[in-house]
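Here's a quick tour of a protein model for you to follow along with. Keep the 3D view open, and click on each residue as it comes up.

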Amino acid sequence: MRVVLQRVRKASVEIDGKVVGSCGVGLLLLVGFGDGDSEHKLQPMAEKLAMMRIFPDDRGRFHYSVRDVNGGVLAVPQFTLFADTSRGRRPDFNGALRPEIAKPLFEAFPAALLAAGISHVATGVFGADMLVSLENDGPVTIIVEN
């Protein structure tokens, strides 16, 4: 499981001109699943993300988690996180988990985030053509794997 975490002031995802998910201060999570990933990775990843101290204190040091600041999360499915670009000019996505296995994992991930103490969780739609907008705060962007 691979997540690209971005600390945001706000983020949203649109499908066909309609906002289907959004959050204010919090995290935008681009979420991908690779070969060998299964449901047992969801809760440990959710807890890691919920507890990661990447929000600043009054001195600007990373001291608070998304839970500490009562922030929200927008999780967006992103199979392209498993692109292999080692050969040629066209990415190979064979390392990404097959959609029929990845979709139920992604759809179960919000419950894991809520169980980890995040108060607001919104999502994009697996397999949809989405327009993601964000105001990256910092900017802070971190790749997290488990």
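Let's start with the charged pairs: seven salt bridges turn up in this structure. Keep in mind that the model is predicted. From those pairs we'll move on to a strand with several partners, a helix, a surface patch and a glycine out in a loop.

**A salt-bridge network**

- Take aspartate 137 and arginine 7, which form a salt bridge whose closest N and O atoms are 3.4 Å apart. This pair links distant parts of the chain, since aspartate 137 sits in strand β8 and arginine 7 in strand β1, 130 residues apart.
- Are these two partners buried or exposed? Aspartate 137 counts as buried, because its relative accessibility is 18% and the cut-off for buried is under 20%. Arginine 7 is buried too, with a relative accessible area of 5%.
- Another salt bridge brings together the side chains of glutamate 135 and arginine 9, at 3.6 Å from N to O. Glutamate 135 belongs to strand β8 and arginine 9 to strand β1, so this pair ties together parts that are 126 residues apart in sequence.
- How much of this second pair can be reached from outside? Glutamate 135 is partly exposed, with a relative accessible area of 32%. Arginine 9 is also partly exposed, and its value is 49%.
- Now put the pieces together: salt bridges that share partners join Arg7, Arg9, Glu135 and Asp137 into one network.
- What does aspartate 137 touch, if you skip its neighbours within four places in sequence? The answer is Arg7, Val8 and Arg9.

**Another charged pair**

- Arginine 98 and glutamate 100 form a salt bridge as well, and here the closest N and O atoms are 2.7 Å apart.
- Glutamate 100 is exposed, with a relative accessible area of 53%.

**Strand β1 and its partners**

- Why can we call strand β1 largely enclosed by the rest of the structure? The strand covers residues 2–15, and 10 of its 14 residues are buried, so the description fits.
- With β8, strand β1 pairs in the antiparallel sense over 11 bridges. If you want to see one of the matched pairs, find valine 3, whose bridge partner in β8 is valine 144.
- Strand β3 (residues 26–32) also pairs with β1 in the antiparallel sense, this time over seven bridges. Here you can look for glutamine 6, which has leucine 28 as its bridge partner in β3.
- Strand β2 (residues 18–23) runs antiparallel to β1, and five bridges join them. Look at isoleucine 15 for an example, with lysine 18 as its bridge partner in β2.
- What do β1 and β2 form together? They make a hairpin with two residues between the strands. In that turn, aspartate 16 has a positive phi of about 50°.

**Helix α1**

- Which residues of helix α1 (residues 42–51) are buried? They are Leu42, Met45, Ala46, Leu49 and Ala50. Look down the helix axis and you'll find these buried residues within an arc of 130°, so they line one face of α1.
- What do those buried residues pack against? Their packing partners are β1, β3, α2 (99–115) and β8. You've already met β1 above, as the strand that pairs with β8 over 11 bridges.

**A nonpolar patch on the surface**

- Val25, Tyr64 and Val69 make a nonpolar surface patch of about 230 Å².
- To find one of its members, go to the loop between β5 (62–64) and β6 (72–77), where valine 69 lies.
- Valine 69 counts as partly exposed, at 32% relative accessibility.

**Out in a loop: glycine 127**

- Where is glycine 127? Its place is in the loop between β7 (120–123) and β8 (131–145).
- Glycine 127 is exposed, because its relative accessible area is 74% and exposed means over 50%.
- How far is glycine 127 from alanine 115? They are 12 residues apart in sequence, and from C-alpha to C-alpha they are 25 Å apart in space.

Terms used: Residues are numbered from 1 along each chain as its sequence is written. This is a predicted model: local features need pLDDT of at least 70, side-chain atom pairs count only at pLDDT 80 or more; totals for chains, interfaces and linings use all residues. Side-chain values use heavy atoms; hydrogens and water are left out. Helices (H or I, at least four residues) and strands (E, at least two) are DSSP runs, numbered from the N terminus. Buried means under 20% relative accessible area, exposed over 50%, partly exposed in between (1.4 Å probe, protein chains only). Two strands pair if DSSP finds at least two bridges between them. A salt bridge is a side-chain nitrogen of Lys or Arg within 4 Å of a carboxyl oxygen of Asp or Glu. Contact means heavy atoms within 4.5 Å. Patches are made of residues with over 30% relative accessible area and no salt bridge: like charges are joined within 9 Å, nonpolar side chains (Val, Leu, Ile, Met, Phe, Trp, Tyr) within 5 Å. Accessible areas come from the Shrake-Rupley method with a 1.4 Å probe; for residues, only the protein chains shown count as cover. The arc is that of the directions from the helix axis to the C-beta atoms.
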